[in-house]
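Let's take a walk through this structure, starting with one pair of residues and working outwards. Keep the 3D view open as you read.

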Amino acid sequence: MERVSEPLLRVRGLTLRFGGVTALDSVDLDVDRGELLAVIGPNGAGKTSIFNCLNGVYRPQEGTITLDGQPLTGRAPAAVAALGVARTFQNLGLFTHLTLVENLMLGRHHLMRTGFLTGMLWWGRAKREEIAHRAAVEEVVELLELEPYRHTPAGLLPYGVAKRAELGRALAMEPRLLLLDEPVAGMNLEETEDMARYLVEVRRELKPAMILVEHDMRLVMDLADRVLALDFGVMVATGTPEHIQSDPDVIAAYLGGAA
Ligand SMILES: Nc1ncnc2c1ncn2[C@@H]1O[C@H](COP(=O)(O)OP(=O)(O)O)[C@@H](O)[C@H]1O
Ligand SMILES: [Mg+2]
């Protein structure tokens, strides 16, 4: 079927090698506005590498990545963030000695127009900007029900809350595309169900396009519009959650292995 319009994110022929290891082998994927694409696959399949290519941490040897028609390939991480791509990390990316609100404010750094020096010269403008940023951060705090932890240093947050704060830091950037790397890894059942509920809420309220890398199959099947299955950097299958669950190659590569 022909697409009517360009997808938000378009990846073609993405190939990434580390010496003799091919982490990604000609991967293609599209994500539409507001869509949630899940990427599944065993450890070492190349899931995190996709994120690292998207946000400019790794330089793929081949392939193209465009966001809303603009090339992302070759851009530095800060430039990609400024274009509206935010990510959460498999191992938390919070500054442990800063409070939760301070971490979320840092997430907005690229949106801030007034730097330190101009802030000194234009005190009034800087103050108004600061108030606007605080208000935006408070909306995220409220959406994720993080009020009780506002002033808690991130390093002291309970694990499930820290993962939610990590999501909050990414949301504070007001992303068009949100990359979630194993948001429920290491969580117990209750924490996982909480996170699923918050992710549903984020979709409903903020409607960012999302790529979700996750091992928890129930979460993937509940949340994803489409699923891409990877194994050793190669696309094994792509389709709806129902299609993927019954795909023999996926079962062999992943679901079977997990069972
Ligand atoms: N910085 C790196 N240096 C060398 N090899 C790497 C690096 N990052 C990833 N790899 C390799 O690329 C492959 C894919 O890794 P990764 O994307 O982390 O997989 P996943 O997130 O699916 O578990 C693995 O074989 C891994 O060892
Ligand atoms: Mg990974």
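Start with V11: its bridge partner is I65, in β4. Before going further, bear in mind that this is a predicted model. The V11–I65 match belongs to a longer run of pairing, in which β1 and strand β4 (residues 62–67) are antiparallel and share 5 bridges. On the β2 side, strand β1 (residues 9–18) is joined by 7 bridges, and here too the two strands run antiparallel. For a landmark in that second pairing, look for L16, which stands opposite L24 in β2.

How do β1 and β2 connect? They form a hairpin, with 2 residues between the strands. G19 sits in that turn and has a positive phi of about 55°.

Now zoom out to the sheet these strands build. It is an open sheet of 4 strands, ordered β2-β1-β4-β5, with antiparallel pairing. Its edge strands are β2 and β5 (70–71), each of which pairs on one side only. As a general point about regular strands, the side chains alternate between the two faces of the sheet.

Stay with β2 for a moment, as S26 is found in this strand. S26 has a positive phi of about 55°, although it is not a glycine. Is S26 buried or exposed? It falls in between: with 14 other C-beta atoms within 10 Å, S26 is partly exposed. Elsewhere in the chain, K207 also isn't a glycine, and it has a positive phi of about 50°. You'll find K207 in the loop between α7 and β8 (209–213). K207 counts as exposed, with 12 C-beta neighbours inside 10 Å.

Next, have a look at the ligand. Which residues surround ligand 1? The shell consists of F18, V21, A23, G41, N43, G44, A45, G46, K47, T48 and S49. Both β2 (21–31) and α1 (47–54) supply at least two residues each to this shell, and α1 has the largest share, with 3 residues. By class, the shell divides into 4 nonpolar, 6 polar and 1 charged. So β2, already familiar as an edge strand of the sheet, also turns up in the shell around ligand 1.

What about α1 itself? In this helix, K47, T48, S49, I50, F51, N52, C53 and L54 are buried. That makes 8 of its 8 residues, so α1 is largely enclosed by the rest of the structure. Just after α1, G56 takes a positive phi of about 85°.

With those details in place, step back to the protein as a whole. Its secondary structure comes to 10 helices and 10 strands. The radius of gyration is 19 Å, close to the 18 Å that the globule rule gives for 259 residues, so the protein is as compact as a globular protein of that length. Along its principal axes, the C-alpha trace spans about 60 × 40 × 40 Å. As for burial, 39% of the 259 residues count as buried. The contacts reach well along the chain: among those between residues at least 6 apart in sequence, 68% join residues at least 24 apart.

How does the domain assignment divide the protein? It gives domain 1 (1–84 + 175–259) and domain 2 (99–174), so domain 1 is written in two segments. The centres of the two domains, taken over C-alpha atoms, are separated by 26 Å. Their contact takes 16 residues from domain 1 and 12 residues from domain 2. On the side of domain 1 that touches domain 2, α2 (77–82) and α7 (189–206) each supply at least two residues. Which element gives the most to that side? It is α7, with 8 residues. By class, this side of domain 1 has 11 nonpolar, 1 polar and 4 charged residues. If you follow α7 onwards into the loop that leads to β8, you are back at K207.

Technical notes:
Residues are numbered from 1 along each chain as its sequence is written. Chains are lettered from A and ligands numbered from 1 in the order in which they are written. This is a predicted model: local features need pLDDT of at least 70, side-chain atom pairs count only at pLDDT 80 or more; totals for chains, interfaces and linings use all residues. A residue is near a molecule or strand if its C-beta atom, placed from the backbone, lies within 6 Å of it. Ala, Val, Leu, Ile, Met, Phe, Trp, Tyr, Cys and Pro count as nonpolar, Asp, Glu, Lys and Arg as charged, and the others, Gly among them, as polar. The radius of gyration is taken over C-alpha atoms; the globule rule is 2.2 Å times the number of residues to the power 0.38. A residue is buried if 20 or more other C-beta atoms lie within 10 Å of its own, exposed if 12 or fewer, and partly exposed in between; C-beta atoms are placed from the backbone. Two residues are in contact if their C-beta atoms, placed from the backbone, lie within 7 Å. Two strands pair if DSSP finds at least two bridges between them.
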